[in-house]
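Reader: Hi, I have a structure to go through for class, and I would like some help with reading its aromatic rings and its core. Could we look at it together?

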Amino acid sequence: MAFESARSLIHSSRTMNSLFLYVILFISIKGFAYPDYAVRYNNISCTSCHISPVGGGPRNVDGKLFGAHGYKVNSLLIQPYVSADFRALFYNPQRPSSSKGGMGIMSGSIAGHVPLDAEKKIHLVIEQNIAGFSAAPYRDTYALFKLSDKLNSNWFESILVGRFRAPFGIITDEHRTYTHIQTATEWYTFENGILLSGTPSDKWHYDFGVVSGENSAGQNLNNGGAERSGALINFRWMPGAILFGVSGSFHDHEPRTDSTKAVALYSILSLARWTENKIPVSFKVEHARAWNWNSNLGRGFASDPNYVTAVGHANSLGWLAELDWELSEIFTLIYKYDFLQPDQNYASDIYDRQGIGFRWMIGPNTMIQVRTETARATVPSEANGAAQGAQDSTFAVLQLAL
């Protein structure tokens, strides 16, 4: 998200700090969607930076300027019509001989977004992933109807129709977070439907969506799909230097599989705002519970298909905790902890993981990220598995955005 008070950042330049040389082995992976900035700069509306009221995806001009982080930007790139995102990945798992690893193109997407009327109330956004892993071929593609030009003080801000990211929990481009895997809200997972958003004041925001019960991106039609539906709801409240949120989802998959539902409670605390930037630290925490979503663990998280089947209809719980320490405008240290209990009835069977790292902005809207993590799986059939939930790993990502 971007903020009017931060636009002056583009008028200054920054140099690299010698600290980078000592901590280059530890970097964290996140995307450009940083809800902690929203709390720090007292702006609860994602459309301050992004085109979508949900956040993430193509950014508007203010978002591109804020993403410069003090570097000078090519003036030709500051335009509201085209966006692009490129990510190159290096991944080194604990057991490389039996697990996927190496270097590759994680994604390469291009988006076009234009207003169709003179008042700029109707917008068309089309984003496609033209390179990278097959898990994420389709991205934001929707029609956006702006009901108000105000960032705040409007109950009905916009209506979005099409394919979009689910407004669930702490919205980032992070795809490895257990609470996102647990609830099928990873960065490459999209919903298809209609979304109403509003920001009644500078302290409140809501999203309410009616979506396909298939939990699909709307690329294909399915037999019986017209009879199944789902719903998404998300509320955020920011009374000051802290934000509280609650999200819920329901998908009617029946009769092929059981219906699924999930809820999340989350909070973000900005010590930077609280202490007037004397302590440039933010803390994020999220708790999620999900019902009948554990089949999602078979998408590379768990190793044993028999275990995935056994817990497929169980109720799961998960936790996320993250501490971000912004040492400078372009360099942030990060500690992250994930926890997942696939079945609430078996407290001894868990996955947990912690990682330490940093985010280094090396240019305008350009960053290098690496994270080293230690992971644990206590399920006997999973403890030595080749999937990501049971392996320590180190990876690096180069991300450039337009």
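Reader: Let me start with a single residue: does Trp237 count as buried, partly exposed or exposed?
Author: Please keep in mind that this is a predicted model. In it, Trp237 has 35% relative accessibility, so this residue counts as partly exposed.

Reader: And which ring does Trp237 pair with?
Author: Trp237 forms an aromatic pair with Trp204, and the two rings are stacked, with 5.8 Å from centre to centre and 25° between the planes. Trp204 belongs to strand β7 (residues 204-212) and Trp237 to strand β8 (residues 229-237), so the pair links distant parts of the chain, 33 residues apart. Trp204 is also partly exposed, its relative accessible area being 41%.

Reader: Okay, how many aromatic pairs are there?
Author: The count comes to 11 aromatic pairs. One of them joins Tyr41 and Phe66, whose ring centres are 6.0 Å apart and whose planes stand at 85°, and therefore this pair is edge-to-face.

Reader: Where do Tyr41 and Phe66 lie?
Author: Tyr41 is in the loop between α2 (35-40) and α3 (61-66), while Phe66 is in helix α3, so their pair ties together parts that are 25 residues apart in sequence. Tyr41 is partly exposed, with a relative accessible area of 25%, whereas Phe66, at 6% relative accessibility, counts as buried. Together with Tyr37, these two residues form one aromatic cluster.

Reader: Switching topic, what sits over the ring of Trp187?
Author: That is the charged end of Arg87, which is 4.7 Å from the centre of the Trp187 ring. There is also Lys261, which lies over the face of Trp291 at 5.2 Å from the ring centre.

Reader: Now the core: how many residues does the largest nonpolar core have, and which have the most contacts inside it?
Author: The largest nonpolar core has 18 residues, and those with the most contacts inside it are Tyr142, Leu160 and Phe164. The elements giving two or more residues to this core are the strands β4 (138-146), β5 (154-165), β10 (260-270) and β11 (281-291).

Reader: What does Phe164 touch, then?
Author: Leaving aside residues up to four places away in sequence, Phe164 touches Asp140, Phe190, Glu191, Gly193, Ile194, Leu195, Val211 and Leu232.

Reader: And what about a second core, how many residues does that have?
Author: The second core is separate and has 14 residues, including Val308, Ala314, Leu340 and Tyr351.

Terms used:
Residues numbered from 1 in each chain as written. Predicted model: local features only at pLDDT ≥ 70, side-chain atom pairs only at ≥ 80, totals over all residues. Heavy atoms only, no water. Core = buried A, V, L, I, M, F, W, Y, C linked by side-chain atoms within 4.5 Å. Buried < 20%, exposed > 50% of the residue type's maximum accessible area, 1.4 Å probe, protein only. Helix = DSSP H or I, 4+ residues; strand = E, 2+ residues; numbered from the N terminus. Contact = heavy atoms within 4.5 Å. Phe/Tyr/Trp six-rings, centres within 6.5 Å; stacked < 30°, edge-to-face > 60°. Lys NZ or Arg CZ within 6 Å of the ring centre and 35° of its normal.
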